[in-house]
Amino acid sequence: MTKKEIEIRKGYAFRLFMSGESQKAIAKTIGSSEVTVSRWANKEGWEQQRQDQNTSTLTLANMMMQAAKKMSELIISNIESGNADIDSITKCSDNLCKIMKAAERIANTVTRATVIDVIIALDRWIVERSKTDSNLTPELVDTITNLHRGYIEHITENELN
């Protein structure tokens, strides 16, 4: 197998991994050993990349809304039990409003993370579609994914500058 063919297989394996496939299933799909897939995953930090992918903007907004819900339940509980003074309730209520407003802004904002989420979802769809569409060859899927990775790197670099 040539170096190019190995890189194509590795790119396909990466896409499968990012879409949630196990290393065992990936090895079977691409015709490589589990040891090879594991070595690629460990060397290139696939697990961390998958975890980063799963912490999306929407997830963050939902977590903030859950925190706001817990705060409001605590405020209500303290009011009902008579254990809170007006200053404490006012401060907690003010913070609650700020958290909810921030969560709303996050949920309604298109950020770099949102763009990356969309690209990853598109990559997942392409991988799934390639299982039934002969026009989506492993080489073409690899080219598309490499372009997506390049774009993600580009927008990340521009955000940092």
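Trainee: Arg15 and Asp142: buried or exposed?
Mentor: Both Arg15 and Asp142 are buried. Keep in mind that this is a predicted model.

Trainee: What does Arg15 form with Asp142?
Mentor: A salt bridge. The closest N and O atoms of Arg15 and Asp142 are 3.6 Å apart.

Trainee: Which helices do they sit in?
Mentor: Arg15 is in α1, and Asp142 is in α8, residues 138–160. The two are 127 residues apart in sequence, so the pair ties together distant parts of the chain.

Trainee: How many salt bridges does the structure hold?
Mentor: It holds 7. One of them joins Glu7 and Lys10, with the closest N and O atoms 3.5 Å apart. Another joins Asp133 and Arg129, at 3.4 Å between the closest N and O atoms.

Trainee: Stay with Glu7 and Lys10. Where are they, and how many residues apart?
Mentor: Both lie in helix α1, 3 residues apart. That is about one turn of the helix.

Trainee: Why would that spacing point them the same way?
Mentor: An α-helix has 3.6 residues a turn, so residues three or four places apart point the same way.

Trainee: What about accessibility for Glu7?
Mentor: Glu7 has 38% relative accessibility, so Glu7 counts as partly exposed. Lys10 comes out at 13%, which makes Lys10 buried. The cut-off for buried is under 20%.

Trainee: A buried lysine. What does the side chain of Lys10 make a polar contact with?
Mentor: The side chain of Glu44, at 2.8 Å. Glu7, Lys10 and Glu44 are also linked in a network of salt bridges.

Trainee: Which residues does Lys10 touch, leaving out those up to four places away in sequence?
Mentor: Trp40, Glu44 and Trp46.

Trainee: Back to the Asp133 pair. Is Asp133 buried or exposed?
Mentor: Asp133 is buried, at 18% relative accessibility. Its partner Arg129 is partly exposed, at 38%.

Trainee: Let's zoom out. How many helices and strands?
Mentor: The protein chain has 8 helices and 0 strands. From the N terminus on, every element in the run is α: α-α-α-α-α-α-α-α.

Trainee: How much of the chain is buried?
Mentor: Buried residues make up 29% of the 161 residues. The chain exposes about 10,700 Å². Carbon and sulfur atoms supply 56% of that area.

Trainee: And contacts between residues 24 or more positions apart, what share do they make up?
Mentor: They account for 64% of the contacts with a separation of 6 or more.

Trainee: Now the largest nonpolar core. Which residues touch the most other members?
Mentor: Ala13, Leu16, Ile26, Ile30, Val37 and Trp46. The core has 14 residues. Helices α1 (3–18), α2 (23–30) and α3 (34–44) each supply at least two of its residues. α1 gives the most, with 6 residues.

Trainee: What other core lies apart from it?
Mentor: One of 5 residues, among them Ile116, Ile119, Ile120 and Ile155.

Trainee: Leu16 was on your list. What is Leu16 in contact with, leaving aside neighbours within four places?
Mentor: Glu21, Ile26, Thr29, Ile30 and Val127.

Trainee: Two of those isoleucines are in α2. Which residues of α2 are buried?
Mentor: Ile26, Ala27 and Ile30. They cover an arc of only 100° around the axis, which puts them on the same side of α2.

Trainee: What is exposed on the other side of α2?
Mentor: Lys24 and Lys28 are exposed there.

Trainee: What covers the buried residues of α2?
Mentor: The cover includes α1 and α3.

Trainee: And just after α2, which residue takes a positive phi?
Mentor: Gly31, with a phi of about 75°.

Trainee: Last topic, Ser130. Where is Ser130 found?
Mentor: In helix α7, residues 112–130. Ser130 is buried, with a relative accessible area of 15%.

Trainee: What lies 2.6 Å from a polar atom of its side chain?
Mentor: The backbone oxygen of Val127.

Trainee: And which residues is Ser130 in contact with, beyond neighbours within four places in sequence?
Mentor: Tyr12, Leu136 and Val141.

Terms used: Residues are numbered from 1 along each chain as its sequence is written. This is a predicted model: local features need pLDDT of at least 70, side-chain atom pairs count only at pLDDT 80 or more; totals for chains, interfaces and linings use all residues. Side-chain values use heavy atoms; hydrogens and water are left out. Helices (H or I, at least four residues) and strands (E, at least two) are DSSP runs, numbered from the N terminus. Buried means under 20% relative accessible area, exposed over 50%, partly exposed in between (1.4 Å probe, protein chains only). Contact means heavy atoms within 4.5 Å. Accessible areas come from the Shrake-Rupley method with a 1.4 Å probe; for residues, only the protein chains shown count as cover. A nonpolar core is a set of buried Ala, Val, Leu, Ile, Met, Phe, Trp, Tyr and Cys residues joined through side-chain atoms within 4.5 Å. The arc is that of the directions from the helix axis to the C-beta atoms. A polar contact is a pair of N or O atoms within 3.5 Å; within protein, one must be able to donate a hydrogen and the other to accept it, and residues adjacent in sequence count only if both atoms are side-chain atoms. A salt bridge is a side-chain nitrogen of Lys or Arg within 4 Å of a carboxyl oxygen of Asp or Glu.
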